Amino acid sequence: MKKFLLALSSLVASVSPAIEYGGDAPPPEQPLSLWYKRPAEQWIEALPVGNGRLGAMVFGGVARERLQLNEDTLWAGGPYDPVSPEAAAALPDVRRLVFEGKYREADQLISEKVMARPLRQMAYQTVGDVHLDFGEVGAIENYRRELDLDAAVARVSYVRDGVRFTREVFSSPVDQVIVVRITADQPRRIGFTATLQTPQRASVSAEGGDTLVLAGVNSEYNGVAGALRFEARVRVVREGGNQFTLGSSLTVQGADSVTLLVSAATSFRRFDDVSGDPTAANLAVLEAAQKKDYASLLADHTAEHQRLFRRVALDLGSSPASASPTDVRIRNFATTGEPDPALATLYFQYGRYLLISSSRPGTQPANLQGIWNDSMSPPWQSKYTININTEMNYWPAEPTNLAECVEPLVRMVEELAVTGAHTAKTMYGARGWVVHHNTDLWRAAAPIDGPRWGMWPTGGAWLALHLWDHYEYAPNPEFLARMYPVLKGAAEFFLDTLVEDPKSGYLVTNPSTSPENAHPFGSAVCAGPAMDSQILRDLFLRVEQCAELLGVDGELRRQVAATRARLAPDKIGAQGQLQEWLEDWDAGAPEQDHRHVSHLYAFFPSNQITLRGTPELASGVRKTLETRGDFSTGWAIAWRLNLWARLQDGERTHRILKALLEPSRTYPNMFDAHPPFQIDGNFGGTNAIAEMLLQTHTGEIELLPALPAAWPTGSVRGLRARGGFEVDLAWADGKLAHVDVRSTLGGEALLRYGDKTVSREVAPGGAVSWDGR
Ligand code: FUC
């Protein structure tokens, strides 16, 4: 009998039965939901859940549910040292060639001697899939699939033969398991067969009658052997009916309801320690989770999610278009002319949801795909590209009130200060630490991919500045003391390696690149690109400020100040543009519409160039943006959005936002399309929406600086401003109606609305209000 049923269910699954859908389901009650009338067929339609570490993509199939699983430490390879032993000896020649203008030769020499070995870093990879075969066929009514952003739960529901079936899936940060709850509104109606599949080197077995186990070893990559053991477990907890295992499958029959607990772990402990015990970790979390009933698993999960998620409420207005399924809204947003301001609200809150779900204290930072990746060889290995992408991931964290989510980034920077110190010493003979344009789980820091991409020494410095941002939003002495050695080490590397440009006398990086953009002389390799001087101006300033606040390192303070004064200043070139390189090469660069806008770093995210402070340089930024064009790939559009928001052009910004939300850049599940999926565009877009409503980079709290006509009336609660403030805003007919500013530390709040400014003293823990008049 058992065998027969099993054979039947797999037969049913393999012929993928025709399912007819009827009777439209209404939109979900929770307006902050993504929802659809059909199951996902492709991965970019499936819905992501995550607790920062454990992720799943939920497909919501009727005959067969697929949960594609990730664990954020399952990467290829193991601890490795990629520094080329020939790099240090070659670098003096490279520098000389660059200063002689022999860029192609320099490029060639870097390729041969300086690049990392192996040339590429390790890949982030999938754990595999849980499949649940329900054997459903025939007519299905009222199908709906949704992702409730407020509860952080994915739901599937449908009616068959008068029975309503419901599935709920979430990844709990409290209990460290993915929970799948399957219910029906009539008893004894639930039956399915669960299996596990993986492209990894692993085997699947059944254990103890209620558990499936997937156990394996991670893969070798580019000559670096796999050093991790990993394991995933699916445990079935059932009310009513019965269950049995057969081979490596587990079948449930005639149950009233079922809870599946899914856990996964690897032996990763740190970038240099792989001695963990994934089996012990899984058994411990499963045992603890099994002691709780479903209601308390759900309640604890939701409470922890909402603690972060509910800090910000946004209302940009609504319209009839908001009632359509999410994929339909995305198709219509840019094309039909029908207003749907609530789609921007959903995109904003989805960005916050994705950050909460992919980066929590104790987890790995969000990588190029957050934590969601179904492949063994994902694009750019789904790692950490730090010449824009990882930084962009964290742009919304502070302003949209998710400061806790930055903890994994802080820890990664501290770890890079360790591996990057080895790179600094062995490649450059320098103190401090350096990371080039990428890193991975193993915190590799050497230049990779090729000179055009990898030969850029300023990635670690940019990342380290996020520690200062974290401090600036919530100044506190403990964090100041914690970040100082990291920032100091980043600066020391450049004190040791900056060289004098023979023509101009400025201190410059050499070799370097203006990330990924080729100049007119057959390479991207150069000395002193504008972005490097800009990042180093910020870095040296922050080191000086930290040391001063801490009352330490007087000599170093003087040294960084003196070095800072010798960096090349930003310049306006012949076209009126902000110059990308030391010399005015911009007009001759082969890709005039290149996606990177690295030299605009000074305007966003930095504040070295501002509209009122340095208007000439700001007009150079505008000119560069006009030349580069508004339309590019996902993250590149998101950067342009933030820059146009800082230029305080609400209409232009909104036009570019529409382009970001087009189906070519936003998939049906609202993942950003690079293409394929890359999460940075989601995060950059989220931050741009915040920048349209509030800017705090000049020392003022500027209200509604780039409000478009498409959002005439609305409100936002809980955005953060630098200096320890929180801001609630309301506007009507395109004008500020009311603002409340709260302060944790107390202090002076300088408020600006258009040309009007006021200064208000706020008591610690107190608040002030203004109506903009
Ligand atoms: C940078 C970009 C690419 C891509 C990659 C992950 O190299 O230039 O567009 O986003 O990172």
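Where is N222 placed, in terms of the loop and the strands around it? I looked this up before anything else, bearing in mind that the model is predicted. N222 sits in the loop that links β13 (211–217) to β14 (229–239).

**Entry: odd backbone angles**

I checked phi at N222 and got a positive value of about 45°, although N222 is not a glycine. Is this residue buried, partly exposed or exposed? N222 has a relative accessible area of 40%, so I noted it as partly exposed.

D161 went on the page next. Its phi is positive too, at about 50°, and D161 is not a glycine. I found D161 in the loop between β8 (153–160) and β9 (163–171). The relative accessibility of D161 is 60%, and anything over 50% counts as exposed, so D161 goes down as exposed.

I also looked at what D161 has around it. Its side chain makes a polar contact of 3.1 Å with the side chain of R160. A139 is 22 residues away from D161 along the chain, yet I read 8.0 Å between their C-alpha atoms.

**Entry: cis peptide bonds**

Which residue does N510 join through a cis peptide bond? The partner is P511, and omega for this bond is near 0°. I placed P511 in the loop between β22 (507–508) and β23 (512–513).

I wrote down another cis bond, from H674 to P675, with omega at about -20°. P675 is in the loop between α17 (650–660) and α18. H674 turns up again below, as one of the residues surrounding the ligand.

**Entry: L91, which leads back to P511**

I went to helix α2 (residues 87–99) and picked out L91. Buried or exposed? The relative accessible area of L91 is 1%, which means it is buried.

What does L91 touch beyond residues up to four places away in sequence? I listed V114, M427, Y428 and P511. That last one is the proline of the cis bond from N510. For V114 I also took the C-alpha distance to L91, which is 7.4 Å across 23 residues of sequence.

**Entry: two buried polar residues**

Q68 is in strand β5 (residues 64–71). Its relative accessibility is 0%, so I have it as buried. Which side chains make polar contacts with the side chain of Q68? I found W43 at 2.8 Å and N70 at 3.1 Å. Leaving aside neighbours within four places in sequence, the contacts of Q68 include G55, A56, M57, F59, T126 and N373.

S382 was next. I located it in the loop between α7 (341–358) and β19 (384–385). S382 is at 0% relative accessibility and therefore counts as buried. The side chain of S382 has a polar contact of 3.1 Å with the side chain of N367. Outside its neighbours within four places in sequence, S382 is in contact with W75, Y124, N367, L368, Q369 and N373. So N373 appears in the contact list of Q68 and in that of S382, and I marked it on both pages.

**Entry: around the ligand**

Which residues surround the ligand? I wrote down L368, W380, T385, N389, E516, R595, H596, W635, H674 and Q678. L368 is also one of the residues that S382 contacts.

I then went through some distances to ligand oxygen atoms. For E516, a polar side-chain atom is 2.3 Å from a ligand oxygen. For H596, a side-chain N or O atom is 2.6 Å from a ligand oxygen. For W635, the corresponding distance is 2.9 Å.

**Entry: α16 against α18**

W635 took me to helix α16 (residues 634–646), and I looked at how it packs with helix α18 (residues 680–693). Their axes come within 8 Å and cross at roughly 10°. Angles under 35 degrees count as roughly parallel, so α16 and α18 are roughly parallel to each other.

Which residues of α16 make the contact? They are G634, W635, A638, L641, N642, A645 and R646. From α18 I listed D680, G681, G684, G685, N687, A688, E691 and M692. How many residues of each class does this contact have? I noted six nonpolar, six polar and three charged residues. W635 is thus on two of my lists, in the contact with α18 and around the ligand.

Definitions and conventions: Residues numbered from 1 in each chain as written. Predicted model: local features only at pLDDT ≥ 70, side-chain atom pairs only at ≥ 80, totals over all residues. Heavy atoms only, no water. Axes fitted to C-alpha atoms, helices over the stretch in contact; angles between N-to-C directions. Helix = DSSP H or I, 4+ residues; strand = E, 2+ residues; numbered from the N terminus. Parallel < 35°, antiparallel > 145°, perpendicular 65-115°, else oblique. Contact = heavy atoms within 4.5 Å. Nonpolar A, V, L, I, M, F, W, Y, C, P; charged D, E, K, R; others polar. Buried < 20%, exposed > 50% of the residue type's maximum accessible area, 1.4 Å probe, protein only. Near = heavy atom within 4 Å. Polar contact = N/O pair within 3.5 Å; in protein donor to acceptor, adjacent residues only side chain to side chain.
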